[in-house]
Amino acid sequence: MPSYQWYQFFAMGSWVLFVTAFGCCVGSLINVLVYRLPRGLSVVAPPSRCPSCETRLTWRENIPVFGWLLLRGRCRFCKSKISPEYPIVEAFVGLLFALFFVLWYWLPPEAIAIHPHDTLLSFRPEWAQNPVTITWPYFVVVLMLLGSLVAMTLVDAKISQIPLELPFFATIVGLIAHPAHAAWVQFASRTGGVAETAPGFTWVIPTPGPDAWWWVGAPIGAMIGLACSIILLRTGLIRRSFTDYEEWERKARESMGDGAPEANTPELWVQYPHARREMLKEIAFLGPVILLGWLGATLAVSLGGSGLSATEVPLWLRAISGSILGYLVGGGIVWGLRIFGSLAFGKEAMGLGDAHLLAAVGACIGWIDSLFAFFAAAFLGIGWELSRRLFSERFRRMLPYGPFLAGGAVLVLLCKPLIELGMTLLLRVPAHQPPINIP
Ligand SMILES: [Zn+2]
């Protein structure tokens, strides 16, 4: 190997090590969140300690993966067992982060190449054709999304609930990072720096074109509508759905006879008789969102103009509109399915936690990919159900839907170029990928 190749190898290798170590630390934080959030404990204080004897961990024992190995899986003080789940989660997140880094930045673009219609395929999305030194802000957004997806999967699989802090975190990262990154790119291009995020593409996620003011107005208006709905909910003008559920469940359990073990009544919520009525409350909640979305689009077009007479939408505004639209589409499709499903079958279909999860995915990676993730999740769900029937002894437990949505999102992130190629072949349109030329 010539010396510059060695240099490249070591440069990339140290990046991979850094990303892996960062992932292990994120995994360690995920362990804390998964343990503390469902129990309503503070996330920052107190510092990590043994759950049995409450001995504080030393800084060395706090090192991800190695801390557990150092202790050989037992508390230093009381010798009670520490679950291997902790180092496994830490190592998994570290390897997951490293996998995405290697696939997107290290493997040569033609690493996995097939040539139908002269299309070159690799696992690199278009934007990753630029080096990590330029595109790292978006890469960090994806890593933060992956971390929160792992945390949501673990909590949802354990308690069938998603603490809203987890999707909110990823949503806020997406909503802030995209416009901030765009503003920086625009500033840098004025001072002679990089003008584009990906060769031939305006932004890393789908955004409105330079004259599409309606697309800027609609999502921002809808977000204001969402804020109005939340205020109306707080003041009691719109009623919260399923408020009488717990009361109903208590009475239902009583009528079954005192002390009925919970294991004998696993699917009580299915019998709740008012799911259709409760959906009307949720439709009322969505009313202001739709109304103000429409109003926002109209107002933005009248202010910014349309077609050739339109003033150009600044890049940061396009980036935040794209991110908000992703949030609304991702959350909207799950919530829409929940409303239609509940109206059709008369029982609660899909949780609102799932809507928050896919909304966060949309805010980070855009509306198109959040739709793909939704369909990928359906396939994963069907696959799981089939394998559960085949090996019914081993997979007794029914998983909630959150893990499938998270898995669908990861699958879409991994296979985006493959999906694009499939769509290209399916729709018989010219290849979407620009020619690959990396200096
Ligand atoms: Zn202990």
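Helices (H or I, at least four residues) and strands (E, at least two) are runs assigned by DSSP and numbered from the N terminus. This is a predicted model, in which local features need pLDDT of at least 70, side-chain atom pairs count only at pLDDT 80 or more, and totals for chains, interfaces and linings use all residues. Residues are numbered from 1 along each chain as its sequence is written.

**Figure 1. The whole chain has 12 helices and 0 strands.** Read from the N terminus, the elements run α-α-α-α-α-α-α-α-α-α-α-α. Of the 439 residues, 36% count as buried; a residue is buried if 20 or more other C-beta atoms, placed from the backbone, lie within 10 Å of its own C-beta, exposed if 12 or fewer do, and partly exposed in between. Contacts are pairs of residues whose C-beta atoms, placed from the backbone, lie within 7 Å. Among contacts with a separation of 6 or more, 74% join residues 24 or more positions apart.

**Figure 2. Here is a look at confidence along the chain, given as pLDDT, the predictor's confidence in each residue from 0 to 100.** The chain averages a pLDDT of 84, and 87% of the residues score at least 70. Among the elements, helix α10 (residues 352-365) has the highest mean pLDDT (95) and helix α7 (residues 245-255) the lowest (79). Over residues 431-439 pLDDT stays under 50, and the model has 15 contacts beyond four places in sequence for this stretch. Where pLDDT is low, please do not read the predicted coordinates in detail.

**Figure 3. Helix α1 covers residues 3-36.** At 1.5 Å a residue, its 34 residues should span 50 Å, and the end C-alpha atoms are indeed 50 Å apart; the expected span is 1.5 Å times one less than the number of residues. Buried residues of α1 include V19, T20, G23, C24 and V26, along with I30, N31 and L33. Helices α3 (85-106) and α4 (132-159) are among the elements that cover the buried residues of α1.

**Figure 4. Helices α11 (residues 367-390) and α12 (residues 402-427) pack at an angle of about 115 degrees, with their axes 7 Å apart.** The axes are lines fitted to C-alpha atoms over the stretch in contact, and angles run from 0 to 180 degrees between N-to-C directions. On the α11 side the contact includes D369, F372 and L380, and on the α12 side it includes F404, L411 and K416. By class, this contact has 12 nonpolar, 3 polar and 2 charged residues.

**Figure 5. P417 sits in helix α12, and F340 in helix α9 (residues 315-345).** P417 is buried because 21 other C-beta atoms lie within 10 Å. Its C-alpha atom is separated by 8.3 Å from that of E126, 291 residues apart along the chain. F340 is exposed, with 12 other C-beta atoms within 10 Å. The C-alpha atoms of F340 and M279 are 61 residues apart along the chain and separated by 8.7 Å.

**Figure 6. V65 and R72 are two loop residues to look at for their backbone angles.** Most residues other than glycine have a negative phi. V65, in the loop between α1 and α2 (66-71), has a positive phi of about 60 degrees. V65 is partly exposed, with 18 other C-beta atoms within 10 Å. R72, in the loop between α2 and α3, has a positive phi near 50 degrees. R72 is exposed because 8 other C-beta atoms lie within 10 Å.

Methods:
Contact = placed C-beta atoms within 7 Å. Nonpolar A, V, L, I, M, F, W, Y, C, P; charged D, E, K, R; others polar.
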